[in-house]
Amino acid sequence: MDLVEHRRELADRAVDHLEHDRVKLYLHLGTAPAILMSGVLNLKPGLRDRWPAFHRWNGRFYLIAVLVTAPVTFLLALNETEGPMTVWGFATLSALWGGSAILAWVYAVKGNIDAHRDWMIRNVALVLTNVTFRVELHLALLLGIPTL
């Protein structure tokens, strides 16, 4: 299969998601950039120290966005067409992502800032892992590497 055929196949898979999961897909794609920016921004120590109120409000926004989006991404993962390992990988990441956000919030409310920070670092790492896995999956498909 040549490069053009691979691109068509990728496009067909994307259209398949659009036809079956339109609302979930648009919610996921619509919140993803804001979640990425908000999460990374809140990890900046200077921002937390200079503007703690902004850090808290941005954190609330991030938490709400994650708690809305994590179940959506979990459901989208269950409909992945690239095989059971892709389904399992993305579903597991979504569950861990939502769970780690809740733990980070609980520790923040309890005032355990060290544990809160640790869980938020894990949470943002899971966001970036999801992005990395998606890029790797599309590269593998584009290059004709079989997926499990």
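**Reading burial, contacts and patches**

Author: Let's start with Leu143, which sits in the segment after helix 5 (113-142); helices here are DSSP runs of H or I with at least four residues, numbered from the N terminus. This is a predicted model, where local features need pLDDT of at least 70, side-chain atom pairs count only at pLDDT 80 or more, and totals for chains, interfaces and linings use all residues. Residues are numbered from 1 along each chain as its sequence is written, and side-chain values use heavy atoms, leaving out hydrogens and water.

Reader: Is Leu143 buried or exposed?

Author: Buried means under 20% relative accessible area, exposed over 50%, and partly exposed in between (1.4 Å probe, protein chains only). Leu143 counts as exposed because its relative accessibility is 63%.

Reader: Thanks! Which residues form a nonpolar patch on the surface?

Author: Patch residues have over 30% relative accessible area and no salt bridge (a side-chain nitrogen of Lys or Arg within 4 Å of a carboxyl oxygen of Asp or Glu); nonpolar side chains (Val, Leu, Ile, Met, Phe, Trp, Tyr) are joined within 5 Å, like charges within 9 Å. Here Val131, Val135, Leu139, Leu143 and Ile145 form the patch, with about 460 Å² of accessible area together, by the Shrake-Rupley method with a 1.4 Å probe, where only the protein chains shown count as cover for residues.

Reader: And what does Ser38 touch?

Author: Contact means heavy atoms within 4.5 Å. Ser38, in helix 1 (residues 3-42), touches Asn58, Phe61 and Tyr62, not counting residues up to four places away in sequence. Ser38 counts as buried because its relative accessibility is 4%.

Terms used:
Helices (H or I, at least four residues) and strands (E, at least two) are DSSP runs, numbered from the N terminus.
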